[in-house]
Amino acid sequence: MTITSPHLGSPAVWTDARLLHALEEVVESELNRHLKVAKDWMPHQYVPWSEGRNFPGQFEDGEPWAKEQSKVTELGRIALVVNLLTEDNLPSYHHEIATLFGRDGAWGTWVHRWTAEEARHGIVMRDYLLASRAVDPDRLERFRMAHMSEGFESDNGHSMLHSVAYVAFQELATRISHRNTGHHSGDPVCDRMLARIATDENLHMIFYRNLLKAAFEIAPDPTMRAVRDVVVGFRMPGHGIPGFERAAAQMAIGEVYNLRIHHDDVLQPVLRFLKIMSIDGLGAEGREAQDELGRFLGGLDTEAARFDERLAARKARVASRKG
């Protein structure tokens, strides 16, 4: 794929290879910053091992799973499964970014570091869920097999810029989902674990957000188009999870992740940092993408307001029935 921009010499033709090379120093700088602020932590220290006991199967004393064995709420259980199954697809995510970004130099070092950090998240979440008996382990494993057997293909694998733009938003979305899941879990141990994961996800977001800012400085038109495309077509990476639509609806009603959260807490912080609507010096295609992005955000805010109204009405009905 090639993309053209009137900047940095006209007519400049930007390929993914040229962009990767042009951003290499920024990646190295951001990688060094990340390594200075990232905290190593031990997944096993966040798991309540003393609550664990055998499940049926290879152990004669195995105790079947039941919901009442865990203090985790039903909403927390649903969101934990979605969040863990999303993390489980790490091999596919690694393949995607390693193919796009490469395995050499600063790009390659970041790809492998990111993968290692993300692997911690799946490890600690699964260990917590099994030790605390928060979810049905058989059902969880069947879901994992079904989800991973389908594989994962990114909506943005055709372009390095689109991929950078996507993860800048997606990492923040994942952070918000984990934090809100912890808040609604009903278990302080779960809340602490997910807060630790969310801290990692925020650092990952900062890495990609800063990289996206640098891309705007050298290739503003194609970067603006990439941001426009990603924001308009955004989907969470776990959309292929069995029963995802129903789970997502329950998480929306439970205020773990919904349109209002997506607009206010995910899109807007990144876009404000980039000063997206005040970027000037764009060519015709860049200005068109900027205008389209502004119109889309306005429409999304309106949709979120309608959702807020429906959610408030639902809460009022529930409260009246309890009264």
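**Exercises on cavities and a helix**

About 50 Å³ of space lies in the second largest cavity, where a cavity is a set of points on a 1 Å grid over the protein atoms alone at which a 1.4 Å probe fits but cannot get out, and a volume is the space filled by probe spheres set on the points, joined across faces, edges and corners. The model is predicted, so local features need pLDDT of at least 70 and side-chain atom pairs pLDDT 80 or more, while totals for chains, interfaces and linings use all residues. Residues are numbered from 1 along each chain as its sequence is written, and side-chain values use heavy atoms, without hydrogens and water.

**Exercise 1.** Find which residues line the second largest cavity.

*Solution.* Step one is to look for residues with an atom within 4 Å of a point. Step two gives the list: Phe152, Ser154, Asp155, Asn156, Tyr166, Arg235, Met236, Pro237 and His239.

**Exercise 2.** Describe the lining of the largest cavity.

*Solution.* Begin with its volume, which is about 280 Å³. The lining has 22 residues, and Tyr93, Trp114, Tyr166, Val167 and Gln170 lie nearest the centre.

**Exercise 3.** Determine which residues of helix H6 are buried (under 20% relative accessible area, 1.4 Å probe, protein chains only) and where they lie.

*Solution.* First, locate H6 at residues 137–150, a helix being a DSSP run (H or I) of at least four residues, numbered from the N terminus. Next, pick out its buried residues, Pro137, Leu140, Phe143 and His147. Seen down the helix axis, the buried residues of H6 fall within an arc of 120° (taken from the directions from the axis to the C-beta atoms), so they line one face. Finally, the face turned away carries Arg142 and Ser149, which are exposed (over 50%).

Technical notes. On a 1 Å grid over the protein atoms alone, a cavity is a set of points where a 1.4 Å probe fits but cannot get out, and a pocket is an open set with protein on both sides within 12 Å along at least five of seven lines; lining residues have an atom within 4 Å of a point. Helices (H or I, at least four residues) and strands (E, at least two) are DSSP runs, numbered from the N terminus.
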